[in-house]
Amino acid sequence: MKLKTIGCFKEMPYGYNNGKSIKDYISDNEASNKKEIINYLNQGICIAACCGVSEDVINPNNGIIGVPDVLVDGKYQWYRDIIYYIEKYNLKLPKEFIEYAKINKWHINITEKDIDEDDISIIENLYN
């Protein structure tokens with residue numbers, strides 16, 4: 001299973017060095033479906049619980065913002081801390097992800113039983 005990664009920006013400790021900047025995805029305008037997006041992301045199935053913490057990479061004075069657990073919905077994977085950036089900075093996500101969530105009526109239609117925990121490609125994809 002190869003999942004598409006969203007919200008992995010170069011400023012983040014787990015981000016790609018040659019990746020996109022989170023600053024290019026911050027908006028002054030709140031998405032009309034912001035609440036639905038946040039609720040959808042919070043439903044994600046955790047495939048990697050992290051014991052570390054994440055700090056605000058836009059304004060370090062905000063300190064710890066949560067944990068970078070890896071969540072999935074069957075097609076996409078993301079770190080839990082992107083929810084903070086959506087809430088605080090109106091982080092924009094890819095349109096194809098938003099459409100996928102909308103088509104699924106803002107509900108993740110898989111359970112932990114649907115995730116093959118032995119399929120290491122799920123986790124390896126995060127770092128490729």
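**Exercise 1. Warm-up in a loop**

In which loop is the place of Trp106? Find it, then look at the backbone around it.

Step 1. Trp106 sits in the loop between α3 and α4. Helices here are DSSP runs of H or I with at least four residues, strands are runs of E with at least two, and both are numbered from the N terminus.

Step 2. A word on what you are looking at: this is a predicted model, in which local features need pLDDT of at least 70 and side-chain atom pairs count only at pLDDT 80 or more, while totals for chains, interfaces and linings use all residues. Residues are numbered from 1 along each chain as its sequence is written, and side-chain values use heavy atoms, with hydrogens and water left out.

Step 3. Now check the backbone angle. Most residues other than glycine have a negative phi. Trp106, however, has a positive phi, near 60°.

Step 4. Lys105 belongs to the loop between α3 and α4 (121-124) as well. Its phi is also positive, about 55°, although Lys105 is not a glycine. With 69% relative accessibility, Lys105 counts as exposed; the cut-offs are under 20% relative accessible area for buried, over 50% for exposed, and partly exposed in between, with a 1.4 Å probe and protein chains only.

**Exercise 2. Take stock of the chain**

List the secondary structure elements and say how much of the chain is buried.

Step 1. Count the elements: the protein chain has 4 helices and 6 strands.

Step 2. Read them from the N terminus, and the order is β-α-β-β-β-β-β-α-α-α.

Step 3. Turn to burial. The protein chain has 128 residues, and 44% of them count as buried.

Step 4. Look at how the chain meets itself. A contact means heavy atoms within 4.5 Å. Taking contacts between residues at least 6 apart in sequence, 65% join residues at least 24 apart.

**Exercise 3. Build the sheet**

Work out the strand order of the open sheet and find its edges.

Step 1. Two strands pair if DSSP finds at least two bridges between them. On that basis, 4 strands form an open sheet in the order β1-β6-β5-β2, with mixed pairing.

Step 2. The edges are β1 (4-5) and β2 (45-48); each has a single partner strand, so one side of each is left without a neighbour in the sheet.

Step 3. Follow β1 to β6: the two pair in the parallel sense over 2 bridges. Lys4 stands opposite Tyr76, and Thr5 has Gln77 as its bridge partner.

Step 4. Go on to β5, which runs antiparallel to β6 and is joined to it by 3 bridges. Here Val70 is opposite Tyr79. The two strands make a hairpin with 3 residues between them, and Gly74 in the turn has a positive phi of about 105°.

Step 5. Finish with the side chains of β6. Tyr76 and Trp78 point one way, Gln77 and Tyr79 the other, and all are buried.

**Exercise 4. Two helices and their buried faces**

Show where the buried residues of α3 and α1 lie, and what they pack against.

Step 1. In α3 (residues 95-103), the buried residues are Phe97, Ile98 and Ala101. Viewed down the helix axis they fall within an arc of 100°, so they line one face of α3. (The arc is that of the directions from the helix axis to the C-beta atoms.)

Step 2. Turn the helix around: the face away from the buried side carries the exposed residues Lys95 and Ile103.

Step 3. Among what covers the buried residues of α3 are α1 (34-42) and β6 (76-79).

Step 4. Do likewise for α1, whose buried residues are Lys34, Ile37, Ile38, Tyr40 and Leu41. Their arc is within 160°, so they too line one face of their helix. They pack against β5 (70-72), β6, α2 (82-89) and α3.

**Exercise 5. Into the core**

Identify the largest nonpolar core and follow Phe97 within it.

Step 1. A nonpolar core is a set of buried Ala, Val, Leu, Ile, Met, Phe, Trp, Tyr and Cys residues joined through side-chain atoms within 4.5 Å. The largest one has 35 residues, and those with the most contacts inside it are Leu41, Trp78, Leu93 and Phe97.

Step 2. Two or more residues come from each of α1, β2, β5, β6, α2 and α3. The largest share, 6 residues, is from α2.

Step 3. Leaving out residues up to four places away in sequence, Phe97 touches Ile6, Tyr40, Leu41, Asp73, Tyr76 and Trp78.
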